[in-house]
Amino acid sequence: KLLHPLIALIDAVGDASSTQLMQIMQPTSKAAWVIIGFDCTKGDGDHEQVKASTSSSNTLLSEITTALNSGGEGEDDEDDNTTAKETELWLQFQRQSKDGTPVFQRRKLTDLLDFHARLLLKSDNRTEQAQQTVDLFSEQFAWAKELLGVASKLRDEGHVLYRSFFFHFPTTHTKEMIKTQTLRCKQQLKSWRESLIQMRSEYFVLNVFNPSLIWRLAHLLVTDV
C-alpha cells in the first residue's frame, strides 16, 4: 500500500496497463480465469448453477459467489446490474477495499478486450519482467476466449455434458491447463457432431428439433409432472 502513490505517479507518464496487470497477476491477488455456461433449460443467468458447480470447494464457492453478487469497487464492474449472459468469461482477482478488507473484483470480456488492446499498444520501455507478465496474460486470454467459444458450441448444440459448464483456471498456472481443456473440448465437439449425423439418420425428429430445444422440452415435461 505504501507504493500505491508512487505507482500512480509512474502510471501518469508510463505504462499504466502493465503496472496494473502485474498487480493483478501476483499470487496474493488470487487471480483466476472463470468461464461459465448457464443451463439453457433453466433460463439465462441462473447463478445457482455456479453454486452447484463449486460445491466441492467452500473457498472457491465463496469467491465465485462474491464475484457474482458484487464486483467490488471501481470501474471494472460498471455493468453488474445488467442481466447475466448465457455464457460468460471474466478475470477474477482480489483487491483491498478502502477500509482494508479484501474484496473480489472481475473484468468481463469487453473490459478484457479493451485492457488487452492497451497492453499491446503501449509497450515502449517495458521491463523484461513486465513483458513476460503481458505475454503470459495474452496467451492465457487467447486460450480462455477459444475455450469459451468451443464450450459454448457444445452447449448450443445440445451436448449432454455441456448443458451447463464451469471452468476455473488460476493465473499462476501456465497456459497449458487452459490449452489442454480447449483441445479436449474441440475433440468432444468433433465427436458430438459425428454422433449427431448418425442419430439424425436414425431419428427423424432430430432433423426437425435441434438437441438444445429437445433438452428444453424435456425439462418442461419433467417440471410439469
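Let me start with Phe167, which in this predicted model counts as buried because its relative accessibility is 10%, under the 20% that we take as the limit for a buried residue. By the same reasoning Phe169 is buried as well, since its relative accessibility comes to 7%. These two residues also belong together as rings, because Phe167 and Phe169 form an aromatic pair, and that pair is of the stacked kind, with 6.2 Å from centre to centre and 10° between the planes.

A second aromatic pair can be set beside that one, namely Tyr162 with Phe165, which is tilted, with the centres 6.4 Å apart and an angle of 55° between the planes. Tyr162 and Phe165 are both buried. Altogether, the structure holds seven aromatic pairs, and among the rings involved there is a cluster in which ring pairs link Trp33, Phe115, Phe137 and Phe141.

Now to the sheet, and here I would ask first in what order its four strands are arranged. The order is E3-E2-E1-E4, the sheet is open, and the pairing is antiparallel. At the edges we find strand E3, residues 102-108, and strand E4, residues 165-170, each of which pairs on one side only. Taken on average and with direction ignored, neighbouring strands of this sheet are turned by 25° against each other.

Strand E1, which covers residues 32-37, deserves a longer look. On one side E1 pairs with E4 in the antiparallel sense, over six bridges, and six bridges also join E1 to E2, again with the two strands running antiparallel. If you want single residues to follow on the screen, take Trp33, whose bridge partner in E4 is Phe169, the residue with 7% relative accessibility, and whose bridge partner in E2 is Leu91. Further along E1, Ile36 has Phe166 as its bridge partner in E4.

Are the residues of E1 buried or exposed? Six of its six residues are buried, so to speak of this strand as mostly covered is fair by the 20% limit. In a regular strand the side chains alternate between the two faces of the sheet. In E1 itself, Ala32, Val34 and Ile36 point one way, whereas Trp33, Ile35 and Gly37 point the other way, and both sets are buried.

Which helix lies across E1, E2 and E3? That is helix H5, residues 109-121, which runs at about 80° to E3; strand E2, for reference, spans residues 87-96.

After H5 comes a loop that leads to H6, and two of its residues are worth pointing out. Ser123 has its place in this loop between H5 and H6, and with a relative accessible area of 34% it is classed as partly exposed. Although Ser123 and Ser17 are 106 residues apart in sequence, their C-alpha atoms are 9.6 Å apart in space. Thr127 lies in the loop between H5 and H6 too, and Thr127 is partly exposed, its relative accessible area being 47%. The C-alpha atom of Thr127 is separated by 9.7 Å from that of Ser18, and along the chain those two residues are 109 positions apart.

Helix H6 itself, residues 128-156, has 29 residues, and from its first C-alpha to its last it reaches 42 Å, close to the 42 Å expected at 1.5 Å a residue. H6 is followed by Gly158, whose phi is positive, near 85°.

I should also mention two places where a charged side chain sits over a ring. The charged end of Lys145 is placed over the ring of Phe141, at 4.6 Å from its centre, and Phe141, as I said, is part of the ring cluster that includes Trp33. In the other case, Arg106 lies over the face of Trp90, 4.7 Å from the ring centre.

Let me end with the whole chain. The protein has nine helices and four strands, and read along the sequence these follow the pattern α-α-β-α-α-β-β-α-α-β-α-α-α. Of the 225 residues in the protein, 39% are buried. Finally, if we consider the contacts with a separation of 6 or more, residues 24 or more positions apart account for 70% of them.

Terms used
Residues are numbered from 1 along each chain as its sequence is written. Side-chain values use heavy atoms; hydrogens and water are left out. Two strands pair if DSSP finds at least two bridges between them. Axes are lines fitted to C-alpha atoms, for helices over the stretch in contact, and angles run from 0 to 180 degrees between N-to-C directions. Contact means heavy atoms within 4.5 Å. Buried means under 20% relative accessible area, exposed over 50%, partly exposed in between (1.4 Å probe, protein chains only). The expected span of a helix is 1.5 Å times one less than its number of residues. Rings of Phe, Tyr and Trp (its six-membered ring) pair if their centres lie within 6.5 Å; planes under 30 degrees apart count as stacked, over 60 as edge-to-face and the rest as tilted. A charge sits over a ring if NZ of Lys or CZ of Arg is within 6 Å of the ring centre and within 35 degrees of the ring normal.
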